[in-house]
Structure formats: C-alpha cells, structure tokens
Amino acid sequence: MTVTFEQFAVARLPSLLRYAVVLTGDHDLAQDVVQEALARAQVKWRRISEADSPEAYVRRMVLNEYLSWRRTWAFRNVHTVGERLVDIHDARGGVLDHADGVVEADELWSRLATLGRKQRAVLVLRYYEQQDDEAIAELLNCSPATVRSHASRAIKKLRLSEQQNRIHAEEKS
C-alpha cells in the first residue's frame, strides 16, 4: 500500500520537527526548515514514496535545508533562550528536578550555538540520530575522516567552553 504525502506528513511531522529543533536550536526556525523540506518533498512525492525509506529521504532534505546557505542569516539571530532540549519529549529521559534540567538544557543550547553548522550537524547525527561516521559522511557528502574531524573539533570546543564557564563561576564565588 502506497502512503500518500498527506498521510506521511501527518504521521511524521512531530518527529521531523523534533529533529529540526535539535539541529537548529530554535523552534520557529525548525518549523521553517521542515516546512520548506516538506514543500519540496510534496512535489517529488511519487519518487520519494518509492524509495526504500521515504522518512530517511525527507530527513536528509531537512538536514540539507538546515545546512543550506540560504539559512545563514538565521543562525546569526538564533536565541538560545526559550526553546530548550527538555521540551523535546523523546530526546531526554525523566529529569528529577525540572529546574536543574532547564538550566542544563539552556547551558547545552548556549554551547551548541557556538558551533558551526557542520560541526553541530555531526553531533546531532551522531548522538541524537545514532548514526555512524560512514552514514554521516554520506549525508554530508564528505569522508568519514572529515566527520571525525568535525566531531573532534566540536567536542573540543564544547569542553573548552565548559571549562571557561567553570572558571568564570569560580571567579564569581
């Protein structure tokens, strides 16, 4: 049985939005990215629906839209306050103290916002989507070594920002 585009969109929209929110760090921008990807997918739906995994195809469209140069301006204006990782229902397990979870998520968003798009995409694909380096390399049209390089640099930058935050907090106390 072939799934219509409307059935696909209704069933997969929440998942695609969560994925885009994790990529972009901004709920409104995520909606724009998903809307653009779905608009393009609707035009190509006959071909997409015949693919082995239509969802994987559309997720790649979302990733490509996120990485596109047309969105560069939006990343200069992303505010990390507001849309928090704890708002994504399946991205985290239960948090005992909601306030601690909010603080941790806001800190994570702040640090992720300092990364370049490809570095951030690599981390999202690796840790949120549970993709291996070869699959990420295929999605980003680069080599697995480049994926590892992006991941290494991103993690190094995140660790440095965490150390700087600790030093700053110790200086205040």
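So, one definition to kick off: a charge sits over a ring if NZ of Lys or CZ of Arg is within 6 Å of the ring centre and within 35 degrees of the ring normal. Here, the charged end of Arg59 does that with the ring of Tyr19, 4.8 Å from its centre.

Quick housekeeping. This is a predicted model, where local features need pLDDT of at least 70 and side-chain atom pairs count only at pLDDT 80 or more, while totals for chains, interfaces and linings use all residues. Residues are numbered from 1 along each chain as its sequence is written, and side-chain values use heavy atoms, with hydrogens and water left out.

Okay, back to Arg59. Arg59 is buried, at 15% relative accessible area (buried is under 20%, exposed over 50%, partly exposed in between, with a 1.4 Å probe and protein chains only). Its side chain also meets Glu55 in a salt bridge, 3.3 Å N to O; that term means a side-chain nitrogen of Lys or Arg within 4 Å of a carboxyl oxygen of Asp or Glu. Glu55 and Arg59 are four residues apart in helix H4, so about one helical turn separates them. Helices, by the way, are DSSP runs of H or I with at least four residues, numbered from the N terminus.

Which other side chain does Glu55 meet in a salt bridge? That's Arg12, at 2.8 Å, N to O. This pair links distant parts of the chain, with Glu55 in H4 (residues 54–67) and Arg12 in helix H1, 43 residues apart. Both are partly exposed: Glu55 at 22%, Arg12 at 26%.

There are six salt bridges in the structure, and another of them joins Arg40 and Glu65, 2.6 Å N to O. Arg40 is in helix H2 (residues 27–43) and Glu65 in H4, so this one ties together parts 25 residues apart in sequence. Arg40 is partly exposed at 25%, whereas Glu65 is buried at 2%.

Now the aromatics. We've got two aromatic pairs, meaning rings of Phe, Tyr and Trp (its six-membered ring) with centres within 6.5 Å; planes under 30 degrees apart are stacked, over 60 edge-to-face, the rest tilted. Phe5 and Trp45 are edge-to-face, 5.6 Å centre to centre with 70° between the planes. Phe5 belongs to H1 (residues 5–24) and Trp45 to helix H3 (residues 45–49), 40 residues apart. Trp45 is buried, at 9%. Phe8 and Trp45 make the tilted pair, 4.9 Å and 40°. And Phe5, Phe8 and Trp45 together form one aromatic cluster.

Technical notes
Helix = DSSP H or I, 4+ residues; strand = E, 2+ residues; numbered from the N terminus.
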